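Student: Could you walk me through this one while I have the sequence and the model open? I'd like to begin with a single residue and work outwards.

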Amino acid sequence: MRNFSVLYSEKAIEAVSKAIIIDPYIPLLYVRLGGIYKELGLEKEAIENWTKALFLDPTNEELQEELELQELYFHFSIYNSFYLII
């Protein structure tokens, strides 16, 4: 049996993705989708969606800061994972 929060997140991804198909020019949809992916530990997908949101709304300073932090965290975790393998 799957975890309730994972099932809820899957449904949320489905709903937001459908909304994006209807209107792909709403930055908040990409922000929400990125947040769901972040909660699931899917940092790469979160960053991709936040980047799309920022492209649509380049004046969103809060999103710019969050995206910069997440990119640093993501690259740092890849760097650490590489050295754990060696």
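Student: Which residues is Gln70 in contact with, leaving aside its neighbours within four places in sequence?

Tutor: Leaving those neighbours aside, Gln70 is in contact with Lys38, Ile47 and Trp50, where contact means heavy atoms within 4.5 Å. Please keep in mind that this is a predicted model, in which local features need pLDDT of at least 70 and side-chain atom pairs count only at pLDDT 80 or more, whereas totals for chains, interfaces and linings use all residues. Residues are numbered from 1 along each chain as its sequence is written, and side-chain values use heavy atoms, with hydrogens and water left out.

Student: Fine. Is Gln70 buried or exposed?

Tutor: Gln70 is buried, because its relative accessible area is 11% and buried means under 20%, with exposed being over 50% and partly exposed in between (1.4 Å probe, protein chains only). Gln70 has its place in helix α4, which covers residues 61-85; helices here are DSSP runs of H or I with at least four residues, strands are runs of E with at least two, and both are numbered from the N terminus.

Student: And Lys38, where does that lie?

Tutor: Lys38 lies in helix α2, and its relative accessible area of 36% makes it partly exposed. The C-alpha atoms of Lys38 and Gln70 are separated by 9.3 Å, although the two residues are 32 apart along the chain. With neighbours within four places again left aside, Lys38 is in contact with Ala46, Trp50, Glu66 and Gln70.

Student: What does Lys38 form with Glu66?

Tutor: Lys38 forms a salt bridge with Glu66, the closest N and O atoms being 3.4 Å apart; the rule asks for a side-chain nitrogen of Lys or Arg within 4 Å of a carboxyl oxygen of Asp or Glu. This pair links distant parts of the chain, since Lys38 is in helix α2 and Glu66 in helix α4, 28 residues apart. Glu66 counts as partly exposed, at 26% relative accessibility.

Student: How many salt bridges are there by this rule?

Tutor: The count comes to 2. Besides the pair just described, the side chains of Glu14 and Lys18 meet in a salt bridge at 3.5 Å, N to O. Glu14 and Lys18 are separated by about one helical turn, because they are 4 residues apart in helix α1 (residues 4-22). Glu14 is partly exposed at 41% relative accessibility, and Lys18 is partly exposed as well, with a relative accessible area of 48%.

Student: Why can side chains like these pair at all?

Tutor: In general, side chains of opposite charge can pair when their charged atoms come close.

Student: Switching to Leu33, what does it touch, not counting residues up to four places away in sequence?

Tutor: Leu33 touches Ile13, Val16, Ser17, Ile20 and Asn49 on that basis. Leu33 lies in helix α2 (residues 27-39) and counts as buried, at 5% relative accessibility. From Leu33 to Glu14 the C-alpha distance is 9.5 Å, with their positions 19 residues apart in sequence.

Student: And Ala53, buried or exposed?

Tutor: Ala53 counts as buried, at 1% relative accessibility, and has its place in helix α3, which covers residues 43-56. Not counting residues up to four places away in sequence, Ala53 touches Pro27, Tyr30, Val31 and Leu63.

Student: Now the surface: which residues form the negative patch?

Tutor: The negative surface patch is formed by Glu61, Glu62, Glu65, Glu68 and Glu71. Patches are made of residues with over 30% relative accessible area and no salt bridge, like charges being joined within 9 Å and nonpolar side chains (Val, Leu, Ile, Met, Phe, Trp, Tyr) within 5 Å. Within the patch, Glu68 is in helix α4 and is exposed, with a relative accessible area of 51%.

Student: Last one, how many helices and strands does the protein have?

Tutor: The secondary structure comes to 4 helices and 0 strands, and buried residues make up 24% of the 86 residues in the protein. Among contacts between residues at least 6 apart in sequence, 32% join residues at least 24 apart.

Technical notes. Areas by Shrake-Rupley, 256 points an atom, 1.4 Å probe, with all protein chains shown as cover. Lys, Arg positive; Asp, Glu negative; His and termini not counted. Charge placed at Lys NZ, Arg CZ, Asp CG, Glu CD.
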